[in-house]
Amino acid sequence: MNVLEATRLGVIGIFLSSAALADGHLNEMGPEELLPLAQEEGKVTVYSFTSRIGKVEAAFEETYPDIDLQGFDISSTEQIARLKAEAQAGVTNADVIYISDTPVVLTELLETGIIAPFVPPRIADRVPPEYQSPLLAQRLSTKVLMYNEEANPDGAPITNLWQLTTGDWRGRVVMVDPLQRGDYLDLMTEIVLRSDAMAAAYEEQFGKAIDLGDAANAGEKFITDLFANDVILVGSTDDVNVAVGAKGQENPPVGFTSYSDRRDNEEEGWALQVANSVKPAPGIIFPAVLALAAEPNNPAAARLVIDFLMGDESETGGAGLAPFYVAGDYVTRTDIPPHPDAVSLSDFTAWRIAPHETAKIRSEIGDLILTLQ
């Protein structure tokens, strides 16, 4: 190929890239069509609420060596604040947003035009509609009650959430501060939204109808009593995991954390297990969603990353999905079998959140927790 031909092909490549953007065709492209455009861009930036983005970065760059993926491990709460600040400053730093805390994401990022939806056409017929709109859910994640199965070989040491408010569990329940991490505030909010179930569980546990006292409902009463029982608030999910799961403990605490963190039991020396039989539910299950920046700097590469994160055509999704194909995470693709070591989704008793309902009272529950700390 001579210089003139190379120049001509380069101009054509730029023209095709511009045309694709101008015509809005990128959303219709598969990975093979996106790849040459993404290679022109040469890089892509991802904000991710999970540290597993490091494994994704390595796998993506091995698959697409001409594209530099820069992954940043940033909690959902911090992502939301950062993206809003960047938008106000007229700056776009992230191309792809991988995030949870959907009650806030939908209202403060999507509805305000800071982020935009994208569903790779390759997998659109293999993800249920409820996981495609308003944003694409790659998997379902959790915040649930976990216990130490080494110290409790016969199963969870509690059977009812209200036991956490009794003297036996004073100072022995651990969770991340809900005012610091949105998923935990979503958990507290869901408990309030499920107040009828919490009232029934109270009566089942104590043999009498609940006395609300000054609380508005059974969910708020539970949160008030839990904090009065010296719940331990920590700074990160790993802090919960160590406190609850570390082996060699005679009388370990229980705590709310991610069911999928069981994947690290062997490596970290933990014995984490989910208390799936606790009444009325062990916690919540919620979507981990993928989105584009409203105006990504690298639009083709951004879409290629989202396609990669949804898994390839192999039985369990290949390298892009491997960090998330673990017990306790539930991928949304219907053609990928559930992880064999997890409680099946049909038997999992955690409550599924309704983000718009959560958003209606979330700030009120945050205010309540602030008064309790």
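Helix axes here are lines fitted to C-alpha atoms over the stretch in contact, and the angle between them is taken between N-to-C directions, from 0 to 180 degrees. The model on display is predicted.

**The whole chain**

Begin with the entire protein selected and shown as a C-alpha trace. Along its principal axes this trace spans about 85 × 40 × 35 Å. The radius of gyration is 23 Å, which agrees with the value near 21 Å that a compact globule of 373 residues would have. Colouring by secondary structure brings up 13 helices and 12 strands.

Next, switch to a surface display. The accessible surface of the protein comes to about 16,200 Å², and carbon and sulfur atoms account for 50% of that area. Of the 373 residues, 53% are buried. Contacts may be drawn afterwards: among those between residues at least 6 apart in sequence, 76% join residues at least 24 apart.

**Helices H4 and H5**

Now select residues 76–88, which form helix H4, together with residues 102–110, which form helix H5. Two packed helices are described by the angle between their axes and by the distance between those axes. For H4 and H5, the axes come within 11 Å and cross at roughly 5°. Angles under 35 degrees count as roughly parallel, and H4 and H5 are therefore roughly parallel to each other.

Finally, show the side chains where the two helices meet. On H4, select Ile80, Leu83 and Lys84; on H5, select Val104, Val105, Glu108 and Leu109, which these H4 residues meet. What is the make-up of this contact of H4 with H5 in nonpolar, polar and charged residues? Five are nonpolar, two are charged and none is polar.

Conventions:
Residues are numbered from 1 along each chain as its sequence is written. This is a predicted model: local features need pLDDT of at least 70, side-chain atom pairs count only at pLDDT 80 or more; totals for chains, interfaces and linings use all residues. Side-chain values use heavy atoms; hydrogens and water are left out. Helices (H or I, at least four residues) and strands (E, at least two) are DSSP runs, numbered from the N terminus. Angles under 35 degrees count as roughly parallel, over 145 as roughly antiparallel, 65 to 115 as roughly perpendicular and the rest as oblique. Contact means heavy atoms within 4.5 Å. Ala, Val, Leu, Ile, Met, Phe, Trp, Tyr, Cys and Pro count as nonpolar, Asp, Glu, Lys and Arg as charged, and the others, Gly among them, as polar. The radius of gyration is taken over C-alpha atoms; the globule rule is 2.2 Å times the number of residues to the power 0.38. Buried means under 20% relative accessible area, exposed over 50%, partly exposed in between (1.4 Å probe, protein chains only). Accessible areas come from the Shrake-Rupley method with a 1.4 Å probe; for residues, only the protein chains shown count as cover.
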